[in-house]
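This briefing concerns the empty spaces within a protein model and the residues that surround them. Please keep the sequence and structure at hand while reading.

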Amino acid sequence: MSQVPPPPPPASPPPPPPPPPLGSMPPPPGNGIGPAAATPLPQGVIVSSVGRRLGAYLLDALLLIVTLFIGWLIWSLIIWGNSQSPGKQLLNMKVVKKDNGRRASYGTMALREAVGKWLIVDLVIGSICGLVSLVLAFMLVWDKDRQELWDKIAGTIVVDDPDNVLSKDSPTG
């Protein structure tokens with residue numbers, strides 16, 4: 001009988017390439033991690049922080065009082081087409097659709113502001129239990145996408161747009 005040497009062991013696969021240095025990796029699609037990570041947002045546009053959202057809310061309340069409601073209402077009706085409220089306009093914030101990252105249309109803003117915020121939260125829930133309405137005003141603090149109830153109703157998120165990337169010429173959704 002002839003002795004046949006055993007076959008050589010299989011070659012081990014080459015080691016994986018080292019990761020690229022930090023800061024050289026392209027950003028992931030969408031806005032990466034954090035709130036509304038699946039929403040595709042343009043470069044320079046980020047989901048607004050809780051502090052900025054609450055600031056815009058308080059600024060809207062102050063403007064509502066100072067303009068005796070009428071001026072604030074007229075201002076609001078004009079700029080809903082820009083996906084903003086008066087407070088958001090002063091802070092360079094915009095409302096965008098959560099699913100596609102496009103500016104909210106006038107109809108979406110009307111649904112969000114008039115139906116979601118004023119009718120459902122303030123009037124209906126507020127008249128039943130003012131404390132619940134107050135708690136819902138702070139819902140964005142614990143919501144993973146920093147959405148208020150009215151944002152969930154309209155399918156929107158609020159973003160910071162300091163460079164006006166989401167200009168009037170960009171499509172609405």
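How many cavities of 30 Å³ or more does the structure hold? The structure, a predicted model, holds one such cavity. Its volume is about 60 Å³, whereas the largest pocket has a volume of about 150 Å³.

**Overall architecture**

- The protein contains six helices and three strands, and along the sequence these elements follow the order β-α-α-α-β-α-α-α-β.
- The protein has 173 residues, of which 33% count as buried.
- The exposed area of the protein is about 10200 Å², and 72% of that area is supplied by carbon and sulfur atoms.
- Considering contacts between residues at least 6 apart in sequence, 69% of them join residues at least 24 apart.

**The largest pocket**

- The lining of the largest pocket consists of Tyr57, Asp60, Ala61, Leu64, Trp72, Lys117, Trp118 and Asp122.
- Two helices, H1 (50-66) and H4 (106-128), each supply at least two residues of this pocket lining.
- Helix H1 gives the most to the pocket lining, namely four residues.
- By class, the pocket lining comprises five nonpolar residues and three charged residues, with no polar residue.

**The largest cavity**

- Arg53, Ala56, Tyr57, Lys88, Arg112, Lys117, Leu140, Glu148 and Trp150 line the largest cavity.
- Helices H1 and H4 each contribute at least two residues to this cavity lining.
- The largest share of the cavity lining comes from H1, with three residues.
- The cavity lining divides into four nonpolar and five charged residues, and no polar residue is present.

**Pocket and cavity considered together**

- Tyr57 appears in the lining of the largest pocket and also in that of the largest cavity.
- Lys117 likewise belongs to the pocket lining and to the cavity lining.
- Which helix gives the most to the lining of the largest pocket? That helix is H1, and H1 also provides the largest share of the lining of the largest cavity.
- Polar residues are absent from the pocket lining and from the cavity lining.

Technical notes
Residues are numbered from 1 along each chain as its sequence is written. This is a predicted model: local features need pLDDT of at least 70, side-chain atom pairs count only at pLDDT 80 or more; totals for chains, interfaces and linings use all residues. Side-chain values use heavy atoms; hydrogens and water are left out. On a 1 Å grid over the protein atoms alone, a cavity is a set of points where a 1.4 Å probe fits but cannot get out, and a pocket is an open set with protein on both sides within 12 Å along at least five of seven lines; lining residues have an atom within 4 Å of a point. Grid points are joined across faces, edges and corners, and a volume is the space filled by probe spheres set on the points. Ala, Val, Leu, Ile, Met, Phe, Trp, Tyr, Cys and Pro count as nonpolar, Asp, Glu, Lys and Arg as charged, and the others, Gly among them, as polar. Buried means under 20% relative accessible area, exposed over 50%, partly exposed in between (1.4 Å probe, protein chains only). Contact means heavy atoms within 4.5 Å. Accessible areas come from the Shrake-Rupley method with a 1.4 Å probe; for residues, only the protein chains shown count as cover.
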